[in-house]
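Biologist: I should like to request a close look at a single part of this model, followed by its setting in the rest of the chain.

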Amino acid sequence: MAAMISLHAFAQQQWTLKDCIDYALQNNITLKQAQLSKQSVTEDRRQSQASLLPSLTANTNQSLGYSPWTENTTVDKSYYSGTYSINASWTVWNGNKNRNTLKQSKLSEQQAERYAEETANTIQEKIAQLFVQILYQSETIIVNQQSLEASKKNEERGQQMLEVGKMSKADLAQLTAQRATDEYNLVSAESSLANYKLQLKQLLEITDDRPFDIAIPTTSDQQALGVIPSLASVYEQALLIRPEIKYTELALQSSDLEVKMAKAGYMPTVSVTGGVGTNTSSRSSNSWGSQFKTNFDANVGVGVSVPLFDNRKNKTAVNKAKIKHEQALLDQLDEQKQLYSTIEGLWLDAQTNQQKFRSAQLSVESEQQSYDLLSEQFQLGLKNIVELLNGKTNLLKAQQNKLQSKYTTILNQQLLRFYQGEVMSI
């Protein structure tokens with residue numbers, strides 16, 4: 001399956017967000033480690049389940065003996081003997097400790113599964129963050145390219161004005177410096193884009209040198225202006241489905257069982273044992289088969305163990321189990337608090353940046369009109385170089401603010417819906 005996803009992704013050369021998530025869920029090493037841990041806990045659960053059954057062992061011992069000073073001359077000094085036995089034991093009752101141990105093992109198995117799900121969620125969130133950063137940087141590059149083209153045109157116009165005596169060399173130097181600054185900003189944006197792509201590639205555990213690029217979706221301005229889910233609805237749904245919350249619930253149930261298991265130390269233990277056995281010896285005049293039959297014996301017994309004085313071991317175990325139960329309660333409350341804090345931060349960022357985006361849209365339109373007018377007036381010699389550069393700087397800043405607020409809003413919207421159980425899609 002992983003190979004098919006890999007071949008499909010590389011064949012199309014451009015990765016969508018879904019491609020990245022699907023590939024990571026199949027290949028990420030951290031997630032694989034979590035899944036292996038879950039398999040290990042499953043083996044522990046199977047062991048606890050098998051512990052409820054009787055144990056059965058078969059034993060045999062073959063030995064050679066030598067008695068050099070035996071007084072019985074009719075007996076060989078060297079002899080051979082063997083013993084054979086089958087023994088069984090079964091703990092009938094130990095205060096239900098064995099059954100509670102099985103229940104706790106099942107809870108541990110579910111906890112391991114929830115932890116693997118939490119790891120998968122964390123990886124998906126990181127992928128979404130890097131993916132949106134790549135989208136942001138890609139559009140930033142376009143803005144910087146446009147800004148550089150404008151700077152080149154201004155520099156060319158300045159050169160023409162210098163030749164006819166309408167501009168000083170100092171003013172032309174400022175236009176040249178602005179062009180150089182825009183070139184630097186473009187290179188910086190391209191470097192940031194390459195770095196984010198590298199981080200995403202590493203997160204996907206892709207180590208070869210094949211080309212890696214993402215498919216740029218159409219992220220319209222309307223997407224950033226979409227409805228933001230309410231804080232209460234996201235939190236209520238997250239409490240029901242988030243694996244980290246379910247993990248603490250399972251931990252609390254496990255601590256309840258641990259208290260019961262500790263109290264079982266005060267209870268008697270009842271066990272049943274039984275066995276059959278025989279032995280043979282070469283010193284006997286009877287045949288091996290006859291000895292095997294005549295020496296055969298069987299036994300069965302019931303054992304009861306009652307704790308009387310254990311140097312406070314049981315009381316300490318019970319008290320520590322109760323403390324662990326209280327800690328599990330606090331861990332659950334703390335996890336719920338952290339979840340609310342995370343969701344509240346995402347919701348507040350989404351609300352704030354959506355408002356910023358609305359303002360940035362108007363600001364870009366205004367600054368664009370202002371810069372277009374300044375450019376025309378500069379061409380006619382009605383505006384000086386300082387006014388032109390200030391107008392260009394203001395436009396570039398407004399465009400960057402718009403992009404930043406746009407993609408921050410989109411990311412937070414996606415994460416909020418992800419916390420509600422929806423699939424992230426950009």
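Which residue in β6 does Val 270 stand opposite? Please describe the sheet around this position and then the helices.

Modeller: The model is a predicted one. In it, Val 270 stands opposite Val 304, a residue of β6.

The pairing of strands may be taken next. Strand β5 comprises residues 269–281, and its antiparallel pairing with β6 extends over nine bridges. These two strands belong to an open sheet of four, ordered β2-β3-β5-β6, in which the pairing is antiparallel. The edges are occupied by β2 (55–66) and β6 (297–305); each has a single partner strand, so one side of each lacks a neighbour in the sheet. From one strand to the next, the twist averages 20°. In general, the strands of a sheet pair through backbone hydrogen bonds, in either a parallel or an antiparallel manner.

Beyond β6, the chain enters a loop that leads to α10, and Pro 307 is located in this loop. Pro 307 has a relative accessibility of 32% and therefore counts as partly exposed. When residues up to four places away in sequence are left out, Pro 307 touches Gly 265, Tyr 266, Met 267 and Pro 268. With respect to Asn 28, Pro 307 lies 279 residues apart along the chain, and the C-alpha atoms of the two are separated by 51 Å.

The loop brings the description to the helices. Helix α10 (residues 313–379) packs with helix α4 (residues 97–163) at an angle of about 15°, and their axes are 11 Å apart. Because angles under 35 degrees count as roughly parallel, α4 and α10 are roughly parallel to each other. The crossing in which α4 passes α10 is left-handed. On the side of α4, the contact is made by Ala 150, Asn 154, Arg 157 and Met 161, and on the side of α10 by Tyr 371, Phe 378 and Gln 379. Sorted by class, the residues in this contact of α4 with α10 are four nonpolar, two polar and one charged.

Helix α4 also packs with helix α3 (residues 29–50), here at an angle of about 170° and with the axes 8 Å apart. Since angles over 145 degrees count as roughly antiparallel, α3 is roughly antiparallel to α4. The contact of α3 with α4 consists of nine nonpolar, eight polar and six charged residues.

Definitions and conventions
Residues numbered from 1 in each chain as written. Predicted model: local features only at pLDDT ≥ 70, side-chain atom pairs only at ≥ 80, totals over all residues. Heavy atoms only, no water. Axes fitted to C-alpha atoms, helices over the stretch in contact; angles between N-to-C directions. Parallel < 35°, antiparallel > 145°, perpendicular 65-115°, else oblique. Left-handed = near helix turned anticlockwise from the far one by under 90°. Contact = heavy atoms within 4.5 Å. Nonpolar A, V, L, I, M, F, W, Y, C, P; charged D, E, K, R; others polar. Pairing = 2+ DSSP bridges. Buried < 20%, exposed > 50% of the residue type's maximum accessible area, 1.4 Å probe, protein only.
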